[in-house]
Amino acid sequence: MDNDKVIIVGGSAAGFYTAAKVAEGGKRVRVLESRAELEPASRTLIVTSHFRNQLGAAANESVLNEIRRFELFTDGRTAQIALSKPDLIIERAKLIPALARQAQRAGAEISFKTRFLGLSPNANGIHVQVESSGRNEELDAESVVGADGAASRVARSAGWAPVETVPLVQAIVRLPKDCPVDTTRVWFVPDDTPYFYWLIPESAERAALGVIGEDGRDTTHCLARFLEKKGMEPLEWQGARIPVYKRWVRVKRRLGKGNVYLVGDAAAQVKVSTVGGIVTGFRGAQAVADSILQAGPSRELLALRRELSTHWLLRRTMHHFQQEHYSRLVDLLNAATRETLSEVTRDESTRLLWNVLRHQPQLVLLGLRGLLLGWNSERR
Ligand SMILES: Cc1cc2nc3c(=O)[nH]c(=O)nc-3n(C[C@H](O)[C@H](O)[C@H](O)COP(=O)(O)OP(=O)(O)OC[C@H]3O[C@@H](n4cnc5c(N)ncnc54)[C@H](O)[C@@H]3O)c2cc1C
């Protein structure tokens with residue numbers, strides 16, 4: 001029996017971040033990862049400057065590039081937003097090993113080739129069934145953390161409802177000659193997607209061109225068409241399904257005498273306006289680590305809930321925008337609004353929203369129109 005142990009299911013961004021924090025707090029931690037070794041799939045990701053605050057010096061190992069400007073395009077119009085704090089382009093295949101080393105240095109044990117199968121309450125805590133290198137094993141723990149992604153088996157086993165997901169596909173391309181290496185491009189094309197296309201440069205040679213859609217096959221076709229239209233060749237493909245945050249997912253459940261927690265994509269801790277899950281997943285991981293270490297009620301959790309809800313409001317506002325609304329949006333991004341957007345990051349969405357609306361009240365009307373379009377289409 002090993003009931004002072006915290007078992008974390010999923011050795012990826014949210015799981016290793018939680019493992020490091022909990023092990024640093026003095027608990028015995030074991031991370032279970034179904035993959036055979038630490039070779040995460042490559043993904044070029046964009047995060048706000050908060051990433052550096054969260055990871056400290058360890059952030060540097062995964063940073064490929066810094067973004068100082070956004071260019072927005074729709075229907076022949078364009079707007080530019082300079083960022084006072086640069087966004088960071090990071091490589092997931094470098095981030096995950098860096099996080100794993102940090103967790104191990106703090107004392108966490110990592111078991112690869114170990115698949116979580118299910119859990120049940122036992123006399124002192126939680127009983128965990130796993131398959132390890134082809135053999136079934138039984139483990140015991142005081143707490144179990146589900147960091148096993150959007151299709152979390154921990155969540156299903158402990159009674160959480162499944163989270164909705166959308167497909168995200170991106171292609172690695174040569175950086176177009178007319179695109180500066182410090183600039184992210186965003187295209188709103190409502191005929192293709194209610195979200196957007198983006199181009200994020202990872203170096204002077206390479207960039208990731210991606211899109212979020214609603215149907216997997218359609219999304220890949222849209223990206224292929226868009227690449228062709230822009231005259232870009234895909235060098236490599238990256239993609240997976242990402243959770244859509246629609247309501248707060250409670251992060252803790254009592255199971256017998258133990259606790260089950262969810263972090264990262266397993267708890268849909270993804271900013272649904274931009275579908276970014278790294279910084280918010282770390283915030284969820286920090287809150288769960290605080291709870292396990294009984295550091296008192298976590299203010300981080302309340303702040304994260306507010307943040308995710310504001311992004312849900314933004315998404316609902318824009319989800320049914322038609323071309324005329326995007327054209328108006330880009331036109332309304334006047335100098336004052338652009339300045340506001342540049343000063344506040346996407347990880348401070350409430351501040352961002354109020355600052356923008358204060359500088360450009362006409363955006364309130366545009367937003368209300370978007371919400372009405374959404375309600376009408378949901379009722380039909
Ligand atoms: C192409 C793409 C681009 C993206 N771009 C961005 C971006 O620019 N910015 C951003 O912030 N976010 C981005 N995201 C989202 C971000 O990558 C995710 O939100 C984040 O990686 C989720 O991390 P996680 O640790 O919660 O889950 P995951 O990374 O999904 O990790 C889950 C882990 O659990 C393991 N596992 C699953 N089931 C079991 C089991 N039964 N037993 C044991 N182990 C198990 C898996 O092997 C995996 O290692 C992007 C996602 C994709 C797919």
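Start at the hairpin of β16 and β17, where 2 residues lie between the strands and G256 takes a positive phi near 60°. Select strand β16 (residues 252-255) together with strand β17 (residues 258-262), and you will have an antiparallel pair held over 4 bridges, in which L255 stands opposite G258 of β17. Strands here are DSSP runs of E with at least two residues, helices are runs of H or I with at least four, and both are numbered from the N terminus; two strands count as paired if DSSP finds at least two bridges between them.

The model is predicted, with local features requiring pLDDT of at least 70 and side-chain atom pairs counted only at pLDDT 80 or more, while totals for chains, interfaces and linings use all residues. Residues are numbered from 1 along each chain as its sequence is written, and side-chain values use heavy atoms, with hydrogens and water left out.

Next, select β7, β8 and β9, which form an open sheet in that order with antiparallel pairing. Its edge strands are β7 and β9 (135-141), each of which pairs on one side only, and neighbouring strands are turned by 25° against each other on average, direction ignored. Within this sheet, 7 bridges join strand β8 (residues 126-132) to β9 in the antiparallel sense, and S132 can be found opposite R135 of β9.

Move now to the open sheet of 8 strands, whose order is β3-β5-β4-β12-β13-β14-β11-β15 and whose pairing is mixed. At its edges are β3 (44-47) and β15 (236-243), each pairing on one side only, and the twist from one strand to the next averages 30°. Zoom in on β3 and strand β5 (residues 77-91), an antiparallel pair with 4 bridges, where T44 has E91 in β5 as its bridge partner.

With that end of the sheet in view, add helix α3 (residues 92-105), which lies across β3, β4 (63-74) and β5 and runs at about 40° to β5. Then add helix α8 (residues 323-332), which packs on the sheet, touching β4 and β5, with its direction at about 85° to that of β5. Contact means heavy atoms within 4.5 Å, and the angles, on a scale from 0 to 180 degrees, are taken between N-to-C directions of axes fitted to C-alpha atoms, for helices over the stretch in contact.

Finish at the ligand, and display the 31 residues around it, among which S12, E33, I46, F116 and D265 come nearest; a residue belongs to this shell if one of its heavy atoms lies within 4 Å of the ligand. By class, the shell has 13 nonpolar, 11 polar and 7 charged residues.

Three polar contacts (pairs of N or O atoms within 3.5 Å) are worth displaying in turn. A polar backbone atom of I46 lies 2.8 Å from an oxygen atom of the ligand, an N or O atom in the side chain of R35 is 3.2 Å from a ligand oxygen, and a backbone N or O atom of A13 is 3.3 Å from one. Taken alone, the ligand exposes 1000 Å², of which the protein buries 90%, with accessible areas from the Shrake-Rupley method and a 1.4 Å probe. To colour the shell by element, select α1 (13-24), β3, β7 (114-121), β11 (165-174) and β15, the elements that give two or more residues to it.

Definitions and conventions
Polar contact = N/O pair within 3.5 Å; in protein donor to acceptor, adjacent residues only side chain to side chain. Nonpolar A, V, L, I, M, F, W, Y, C, P; charged D, E, K, R; others polar.
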